[in-house]
Amino acid sequence: MSQSISSSPTIRVEYNDTIVRYFLLATMIWGLIGMTVGVLIAGQLAFWQLNFGEQSWLTFGRLRPLHTNAVIFAFVGNMMFAGIYHSTQRLCKARLASDKLSWIHFWGWQTIIVSAVITLPLGLSRSKEYAELIWPIDLLVVFTWVIFAINFFWTLAIRRERSLYVAIWFYIATIVTVAVLYIVNNLQIPTSLLHAYPIFGGVQDALIQWWYGHNAVAFFLTTPILGIMYYYLPKAANRPVYSYRLSIVHFWSLVFIYIWAGPHHLLYTGLPVWLQSLGMLFSLMLWAPSWGGMLNGLLTLRGAWHKLRTDPVLKFLVAGVTFYGMATFEGPMLSIKTINALSHYTDWTIGHVHSAALGWNGLMTAGVFYWLAPRLWNTRLYSVSLANWHFWVALVGILFYTAAMWVSGITQGLMLNATTDGGNTLAYPSFIETIDAILPMYHLRMLGGMLYLVGFILMAYNLYKTIRSGEAVNGYIEVAEEQEEDRQQDLGLVGTFLNAPVMYCTLIMLSVLMWLFGGDAIGFIGLFLTIVFTLITIVHFQFSVEKWSDWYDKLQANLMPFTILTLVAVLIGGLVQIVPLVTLGKYNNPTEGRIQVPYTPLELLGRDIYVREGCYNCHSQTIRPFLGETLRYGDYSRLGEFIYDYPYQWGSKRTGPDLHRVGGKYTDAWHWRHMLDARETSAGSTMPNYPWLYRRDADFSVLPRRIQVMRILGVPYEEDLPERAEEEARQQAAEIAANLQREGFGADPDKEIIALIAYLQKLGKSVDASELNAQENE
């Protein structure tokens with residue numbers, strides 16, 4: 001448990017491993033909860049009866065956000081904190097700067113998770129993937145993350161090892177980038193203690209959401225785990241990292257390129273084409289750094305491959321890195337427009353996400369914890385045999401899951417776009433036909449998830465027995481007291497930015513932007529300059545290797561310049577993509593030609609109910625310009641048709657049909673029957689029943705404040721609408737209820753179902769933009 005440095009005078013540093021043990025135990029507890037919920041919702045898709053019709057908080061729409069948040073932020077988040085706190089102390093040869101901040105961080109994070117467990121099943125959601133938490137919890141997330149950042153950077157500031165090891169580079173990128181992503185994507189205006197509207201709407205909200213959503217995967221599920229890989233894989237293999245130079249290229253190219261790739265989630269939507277193409281281009285570029293990191297990890301085992309036969313830790317770590325490589329090959333491939341046209345909105349995307357989450361994050365967690373637990377409790381792993389069983393059961397579970405989703409996604413994608421009669425008729429006109437075809441794959445997916453959960457339970461039992469057989473101990477190290485001459489010279493901002501590597505990168509980046517966004521002449525000049533500057537950089541590097549290496553050695557020994565340069569590399573992509581779009585006026589895009597009709601107060605209330613029930617988890621609200629989609633759903637969607645959607649509701653998966661043109665397609669009575677029991681109107685549907693909507697009174701009292709906030713956000717409501725919002729909502733509700741009563745249904749105008757029907761009947765309503773502009777000019 002100790003290391004010693006032969007130097008005098010020395011001091012003894014005892015690490016704070018207690019906090020590491022707590023985060024490890026929290027990981028196991030939340031992992032079991034998150035994966036159990038995952039198996040349940042997989043069962044709900046296969047057997048709709050598992051939605052437990054009378055319990056609103058047990059439906060798929062409510063539980064799916066709970067599952068994703070529990071796995072990402074509770075399971076992987078706690079594992080990440082355990083790995084970072086354990087490895088950082090040893091890489092810095094220093095105890096965590098503050099025990100108090102460590103405990104605030106731990107209990108703050110668990111409070112966030114418990115709050116999510118309570119609020120998400122209650123329907124308190126913002127409907128933005130991986131960012132569903134309501135605004136008071138968002139504030140707690142920011143506070144806790146700041147505490148974590150202070151503790152981490154404070155520890156780096158008092159470090160006794162001056163050079164920052166590669167793992168710490170990835171930790172730094174994680175902390176600064178997640179902070180920026182989370183704050184920007186969660187900018188919102190509260191309407192009450194439990195509700196708020198985002199400040200961005202429509203296509204702007206979609207871009208910022210997937211700038212956040214894609215990079216939450218990048219900088220919460222990838223970069224910190226890569227840092228953990230760079231520390232624990234060499235430790236477990238007892239080998240140095242294969243290539244230090246490759247790790248430099250891996251880090252800087254990854255943090256710079258990743259941030260640009262978010263728009264590939266929005267291909268063929270109302271997002272401007274230049275942003276879609278940019279997202280696809282940078283996604284394809286991700287192949288290089290991602291596979292560079294994978295190869296750097298796997299080649300670290302050179303000369304130690306024989307250990308895989310007997311060491312379960314290496315089995316898990318190597319398999320995890322391999323799944324990282326496979327997932328980062330599949331992700332860019334799915335961003336290619338022709339492939340994305342088939343895969344998007346299908347289970348193929350679900351399979352891709354879970355191969356990464358279960359294979360990369362899950363197996364890496366197991367490998368790290370099997371290595372950590374015996375050292376944290378000063379004992380031996382209870383059972384190597386159980387660990388091996390865990391490995392093979394989990395691996396089979398992952399393969400069943402991903403294979404089922406690949407088959408399901410490709411099958412459904414092909415069926416939904418298939419046509420006959422020379423392209424004039426859908427081959428499978430009923431959406432339910434595609435569900436019937438892929439239902440066996442849902443059963444196989446459920447089996448795969450259950451196997452993975454069984455493997456995790458084996459791990460929990462193995463670690464429990466390991467902990468019971470040992471005694472908690474803190475690691476320590478004898479280190480030499482730092483002398484004045486040992487201190488590195490401050491690089492400073494001038495030395496950080498005014499140097500050949502940074503200046504060449506800047507010139508190349510500016511040239512590439514000229515090439516991509518300039519006209520014919522400027523674009524040609526940009527291409528020419530890109531080639532010239534790239535060649536000059538290569539030649540200069542060949543003649544100045546030592547000088548460039550000396551500069552980088554100084555950079556990684558200077559915390560503040562390194563952190564600033566990392567933040568700059570991350571911010572560039574976001575600024576280039578987001579600023580042009582968020583500053584775009586609502587009416588100055590002549591190519592779209594349509595403007596959304598604002599929601600009435602009752603329709604706005606119904607929209608909030610739609611969000612609360614999690615309908616966006618199964619239904620999209622944007623139609624792509626494909627023959628199969630326009631024949632099935634109606635005319636393709638335009639950018640201007642979403643400008644008053646706060647938040648946007650495009651969705652990312654179609655377990656049910658798209659709803660953008662559903663307004664007026666069916667009668668009020670059809671929606672009444674459909675929401676009560678979808679099988680009455682759509683035989684074979686797997687949609688839950690929503691009987692509580694017929695019992696609960698709609699809360700009209702919230703409308704004045706919500707309308708007021710909508711006016712602040714730019715929705716052209718009349719100035720006095722907040723005062724008469726309740727009255728207008730009740731009048732419209734009475735009209736819908738009267739219509740339903742004429743059809744023989746006992747409709748009460750005060751119930752939530754009436755507001756939801758009003759919203760559904762409004763979807764797709766727009767006006768001609770030129771006419772609206774002419775009226776405004778008059």
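**Exercise 1. Find what Val39 touches, leaving out residues up to four places away in sequence.**

Start with the contacts. Val39 touches Met446, Gly449, Met450 and Leu453, where contact means heavy atoms within 4.5 Å. Next, place the residue: Val39 is found in helix H1. Helices here are DSSP runs of H or I with at least four residues, strands are E runs of at least two, and both are numbered from the N terminus. Now check the surface. Val39 is buried, at a relative accessible area of 15%; buried means under 20%, exposed means over 50%, and partly exposed is in between, using a 1.4 Å probe and protein chains only. Finally, look across the model: Val39 and Tyr244 sit 205 residues apart in sequence and 41 Å apart in space, C-alpha to C-alpha.

Before you go on, two notes on the ground rules. This is a predicted model, in which local features need pLDDT of at least 70 and side-chain atom pairs count only at pLDDT 80 or more, while totals for chains, interfaces and linings use all residues. Residues are numbered from 1 along each chain as its sequence is written, and side-chain values use heavy atoms, with hydrogens and water left out.

**Exercise 2. Work out which residues lie nearest the centre of the largest pocket, and which elements line it.**

A pocket is found on a 1 Å grid over the protein atoms alone: it is an open set of points where a 1.4 Å probe fits, with protein on both sides within 12 Å along at least five of seven lines, and lining residues have an atom within 4 Å of a point.

Step one: the lining has 43 residues, and Val249, Trp252, Ser253, Pro501 and Cys505 lie nearest the centre. Step two: the elements giving two or more residues to that lining are H8 (244-258), H9 (273-285), H10 (287-299), H17 (500-517), H18 (520-543), H19 (545-555) and H20 (559-582). Step three: the space comes to about 1,600 Å³, a volume being the space filled by probe spheres set on grid points joined across faces, edges and corners. Step four: sort the lining by class, which gives 34 nonpolar, seven polar and two charged residues. Here Ala, Val, Leu, Ile, Met, Phe, Trp, Tyr, Cys and Pro count as nonpolar, Asp, Glu, Lys and Arg as charged, and the others, Gly among them, as polar.

**Exercise 3. Do the same for the second largest pocket, and find the element with the largest share of its lining.**

The volume is about 790 Å³. The lining has 43 residues, with His619, Gly656, Pro657, Leu659 and His674 nearest the centre. Helices supplying at least two of them include H1 (18-46), H2 (60-92) and H15 (431-468). The largest share, four residues, comes from H23. By class, the lining splits into 24 nonpolar, 14 polar and five charged residues.

**Exercise 4. Describe how helices H7 and H11 meet.**

First, the geometry: the axes of H7 (residues 223-237) and H11 (residues 312-334) come within 10 Å and cross at roughly 145 degrees. Axes are lines fitted to C-alpha atoms, for helices over the stretch in contact, and angles run from 0 to 180 degrees between N-to-C directions. Then the residues: H7 brings Leu226, Met229, Tyr232, Leu233, Ala236 and Ala237, while H11 brings Val313, Leu314, Leu317, Val321 and Tyr324. Last, the classes: eleven nonpolar, no polar and no charged residues.

**Exercise 5. Is Asn340 buried or exposed, and what does it touch?**

Asn340 is found in helix H12 (residues 337-343). Its relative accessibility is 4%, so Asn340 counts as buried. Not counting residues up to four places away in sequence, Asn340 touches His264, Leu267, Leu334 and Arg624.

**Exercise 6. Track down some backbone details in the loops: a cis peptide bond and positive phi values outside glycine.**

For the cis bond, go to Tyr646 and Pro647, where omega is about -5 degrees. Pro647 lies in the loop between H22 and H23.

For the phi values, begin with Phe52, whose phi is near 55 degrees. Phe52 belongs to the loop between H1 and H2 and counts as partly exposed, at 38% relative accessibility. Then take Asn378: phi is near 50 degrees, and the residue is in the loop between H13 (347-376) and H14 (384-417).
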